[in-house]
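Work through three short exercises on the structure shown below. Each task is followed by a solution in steps.

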Amino acid sequence: MAPHDAIGAIAEEAISWRRQIHQHPELLFDLPKTSALVAEKLKEFGCDEVATGIAKSGVVAVIKGRRGDGRTIGLRADMDALPMSEQTNLPHASKVENMMHACGHDGHTAMLLGAAKHLSATRDFAGTVVLVFQPAEEGGAGARVMIEEGLLERFGIDEVFGMHNEPGLDVGSFAIRPGAIMAAGDRFVVTLRGRGGHAASPHLTPDPVVAGAHLVTALQSIASRYTDPFDPVVVSVTYFNAGRPNALNVIPAAIEIGGTIRTVEAKTRKAVGARFRDIVTTTAKLFETEAEIDWRPGYPVTVNNPQMTVAAISAASSIAGEKKVDGNWPCTMGSEDFSYMLEKRQGAFIWIGNGDSADLHHPAYDFNDGAIVHGIRYWTELVSQRLNG
Ligand SMILES: [Zn+2]
Ligand SMILES: [Zn+2]
């Protein structure tokens, strides 16, 4: 049987694994059913090593090539779902209330399992493939926890690749860009404190409401006046809590303001964070209030290494044809915890077409099973090109 036919047959099986995972979504680090299924399949395929319990429910498999020594390449899939209710009415829809695979991580897991089956059977490469199945991409930084537990050193990973489905991109197509492909997303809550007092005597008490109003306006100057217009920055104040509607003659003692800041360059992220602190503390001081900043760092910028991006484009082009690979896809303001892996090792993150589906995180979203064969082919082609001895 020709290799592509073999992968076609594996893809049929992978669709059934994907639907099984889809029916039993699990959240964050708590993935007992999903990780058990993944580990069982990997053992059945005859991988050289299957390690479980990394970052609680992460699973890692090792496959050695039969053509001798070489580099070690890490391929990563995420396994977790989202806390939302599915509205697809599909036969394989979620059986769990308020849990749903609305980001397609079920598909990512199935595609990497399919690649594991093929690679384990053929082993036509020099070096080692490490398959990383991670928990908690959706808000839990599962990738970071796996790294903290020694993932990269324990398995000697030299370079690492990730893949995510993209609604709106044709099935069988791929998209990528060198450099930043996804943003960093940080969040903040600022408390401004005065003393509180009678609204008829504003000269006797600092007013945190006026300070807060100025602060919301002043923060808009970060993206409009402080950063390069060609370097995307978003500053959104999404929360303002002050006073009470039944106490209109009271100047409150404190108010709260919160929001999110998105950046796509690491140095801009740092500079914007520092500017944010300056604006908050000086505005607070201007109005004789005191500021307390609760800064909640999100995932870093996802940065593709230029050479590894060329490698990813080469693998995708060989299986899909050059016309179906966009190497200059725009960066999005969403974020991804694969960014932590790309901070430690060279690698690249690629989008795979999910066709004309509902958007990610939408209740009507479903991973497109037609993409599975392309995803498995991408992974196996990437391995044969990177580990060609
Ligand atoms: Zn998501
Ligand atoms: Zn996702």
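**Exercise 1.** Find which residues coordinate the zinc ion (ligand 1), and place them in the chain.

Solution. This is a predicted model.
- Step 1: The donors are Cys103 (SG), Glu138 (OE) and His361 (NE2), at 2.0 to 2.3 Å from the zinc ion (ligand 1).
- Step 2: Their spacing in sequence reads C-x34-E-x222-H.
- Step 3: Glu138 sits in the loop between strand 4 (128-134) and helix 4 (142-148). His361 sits in the loop between strand 16 (346-353) and helix 10 (372-386). The two are 223 residues apart, so this pair links distant parts of the chain.
- Step 4: Glu138 is buried, at 19% relative accessible area. His361 is partly exposed, at 38%.
- Step 5: Cys103 also bridges to the zinc ion (ligand 2), and the two ions lie 3.2 Å apart.

**Exercise 2.** Work out why Cys331 forms no disulfide.

Solution.
- Step 1: A disulfide needs two cysteine sulfur atoms within 2.5 Å.
- Step 2: The closest cysteine sulfur to that of Cys331 belongs to Cys103, 16 Å away, which is too far for a bond.
- Step 3: The whole structure has zero disulfides.

**Exercise 3.** Locate the largest pocket relative to domain 1 (4-181 + 301-386) and domain 2 (184-296).

Solution.
- Step 1: The pocket holds about 650 Å³ of space.
- Step 2: Its lining counts 27 residues; Glu138, Tyr299, Gly334, Ser335 and Glu336 lie nearest its centre.
- Step 3: By class, the lining has 10 nonpolar, nine polar and eight charged residues.
- Step 4: Both domains contribute to the lining, so the largest pocket lies between them.

Methods
Residues numbered from 1 in each chain as written. Chains lettered and ligands numbered in written order. Predicted model: local features only at pLDDT ≥ 70, side-chain atom pairs only at ≥ 80, totals over all residues. Heavy atoms only, no water. 1 Å grid on protein atoms, 1.4 Å probe; cavity = no way out; pocket = protein on both sides within 12 Å on 5 of 7 lines; lining within 4 Å. Points joined across faces, edges and corners; volume = space filled by probe spheres on them. Nonpolar A, V, L, I, M, F, W, Y, C, P; charged D, E, K, R; others polar. Domains from an automatic or database assignment. Donors = N, O, S within 2.8 Å, 3.2 Å for Na, K, Ca; no water. Helix = DSSP H or I, 4+ residues; strand = E, 2+ residues; numbered from the N terminus. Buried < 20%, exposed > 50% of the residue type's maximum accessible area, 1.4 Å probe, protein only.
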